[in-house]
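Good morning, and thank you for coming. Please look at the sequence and the structure as I put them up, and keep both in view while I speak.

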Amino acid sequence: MQRVEQLPQGAFQSTMADLLGMLADDDGRSPSQIAATDEAVKAIRANADRPFFLYLAYNAVHSPMQGTDAHMARFKDIPDVQRRIFAAMLTHLDESVGKLMAKLDANGQTENTIIVFLSDNGGPTRELTSSNHPHRGEKGQLLEGGIRVPTLMRLPGRIAAGTVSDQVGITMDLTATMLAVAGAAVPADAMLEGINLMPILEGKSPQVERTLFWRSTSYSWQQRAVRSGDWKLVVDGGNEYVFDVRQDLAERNDLAKYRQDVAQRLRPLLDATIRRGCLSAEYYPGHWEDVGTPERLRKLDAALQSGRVPRTLSR
């Protein structure tokens, strides 16, 4: 085990200034994905012999919809030009991730690197010809089509190849999971909102029931939602809907008239979350008062920025 008492200089790299200078080539196209991949490969190369964290948020597949000429040519037989662009961008994204994987392999880092690949939300079906089937809803909405996305995780020797889990998770679980994998000592007052998913993914612990919250004011709607176990309450303006999301993936069968017991149990939890200013949080009895508060977030951010969060990584 190699113990890192402070974050090594350069382990967290900001390349935004470099990327901004690369966002337009001679013909006016925006090769930001190429630039981001190149910078990510450089970061992996620069940290070949030490722990590092790399956060890479590709714009693809996302508007503005642009495909390179070479990738568009590969899908010339797709009649719908929007679908053709979508396929071109997605293929380019796949190739870009492949370059990162190849660099990790070349450095001998694959066995000791946790890789997480996911989307931040469901697709905007009206804009990009994307599909969230079988779920209803889209980006910005709190139906499952807007918030349920697949997540891929890879850590050889810890997560068996081909493992499939339907454990309910939220992106905030990634913080707790990665800190645990790295052997980090989390400050006592950090009170991470997520949970460490590794014991579940490794098959060492059973799946756990979750209570999760969301709020969205995107576009022209205001929605709030809470999921507890398989039950979900969605508040859309003045309307309330109750769904059993395990039995009704598409959320077509509103049970609000028949399961007011569920609505009455979940509504106070949702109201309390909104009163405390949490946009998205998990209910933890015991430190509920402090979940998602600005002060808690400032403390954790200060610890990370100062390098006071020690980390260990197997080598």
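The chain contains ten helices and eight strands. Please bear in mind throughout that this is a predicted model. Of the 315 residues in the chain, buried residues make up 41%. The accessible surface comes to about 17800 Å², and 52% of that surface belongs to carbon and sulfur atoms. If we take the contacts between residues at least 6 apart in sequence, 59% of them join residues at least 24 apart.

Let me begin with a helix, α4, which covers residues 81-107. How far apart should the ends of this helix be, and how far apart are they in the model? At 1.5 Å a residue, its 27 residues should span 39 Å, and the C-alpha atoms at the two ends are 39 Å apart, so expectation and model agree. At the start of α4, a side-chain oxygen of D80 comes to within 2.9 Å of the backbone nitrogen of Q82. After α4 comes G108, with a positive phi near 70 degrees.

I now turn to the strands, and to a series of antiparallel pairings. Strand β4, residues 211-216, has five of its six residues buried, so the rest of the structure largely encloses it. Six bridges connect β4 with strand β5, residues 223-228, and the two run antiparallel. Within this pairing, W214 stands opposite A225 of β5.

Strand β5 in turn pairs with β6, again in the antiparallel sense and over six bridges. Here R227 is found opposite K232 of β6. The hairpin formed by β5 and β6 has two residues between the strands, and G229 in this hairpin has a positive phi near 65 degrees.

Strand β6, residues 231-236, is then joined by six bridges to β7, residues 239-244, and these two strands also run antiparallel. V235 stands opposite E240 of β7, and D236 has N239 as its bridge partner. In the hairpin of β6 and β7, there are likewise two residues between the strands, and G237 adopts a positive phi near 65 degrees. As for cover, five of the six residues of β6 are buried.

One residue of β5 deserves a closer look, namely S228. Is S228 buried or exposed? Its relative accessible area is 8%, under the 20% limit, so S228 counts as buried. The S228 side chain makes a polar contact of 3.2 Å with the side chain of T211. Leaving aside residues up to four places away in sequence, S228 touches R210, T211, R265 and L266.

Next, the aromatic rings. The structure holds one aromatic pair. The ring centres of Y241 and F243 are 6.3 Å apart and the ring planes lie at 5 degrees, so this pair is stacked. The two residues may also be compared in their accessibility. Y241 is partly exposed, at 29% relative accessibility, whereas F243 is buried, at 2%.

Let us now move to the loops. E138 lies in the loop between α5, residues 125-128, and α6, residues 144-147. With a relative accessibility of 9%, E138 counts as buried. Apart from residues up to four places away in sequence, E138 touches seven listed partners, among them G123, P124, R126 and N132.

I shall finish with some backbone details. As a general rule, most residues other than glycine have a negative phi, and most peptide bonds are trans. Where, then, does the model show a cis peptide bond? One example is the bond from A60 to V61, with omega near -5 degrees; V61 sits in the loop between α2 and α3. Another is the bond from H133 to P134, with omega near 10 degrees, and P134 is in the loop between α5 and α6.

Positive phi values occur too. M191, which is not a glycine, has a phi near 45 degrees. M191 is placed in the loop between α7 and α8, and is partly exposed at 22% relative accessibility. E251, also a residue other than glycine, has a positive phi near 50 degrees. E251 belongs to the loop between β7 and α9, and at 0% relative accessibility it counts as buried.

Thank you for your attention.

Key: Residues are numbered from 1 along each chain as its sequence is written. This is a predicted model: local features need pLDDT of at least 70, side-chain atom pairs count only at pLDDT 80 or more; totals for chains, interfaces and linings use all residues. Side-chain values use heavy atoms; hydrogens and water are left out. Buried means under 20% relative accessible area, exposed over 50%, partly exposed in between (1.4 Å probe, protein chains only). Helices (H or I, at least four residues) and strands (E, at least two) are DSSP runs, numbered from the N terminus. Two strands pair if DSSP finds at least two bridges between them. The expected span of a helix is 1.5 Å times one less than its number of residues. A polar contact is a pair of N or O atoms within 3.5 Å; within protein, one must be able to donate a hydrogen and the other to accept it, and residues adjacent in sequence count only if both atoms are side-chain atoms. Contact means heavy atoms within 4.5 Å. Accessible areas come from the Shrake-Rupley method with a 1.4 Å probe; for residues, only the protein chains shown count as cover. Rings of Phe, Tyr and Trp (its six-membered ring) pair if their centres lie within 6.5 Å; planes under 30 degrees apart count as stacked, over 60 as edge-to-face and the rest as tilted.
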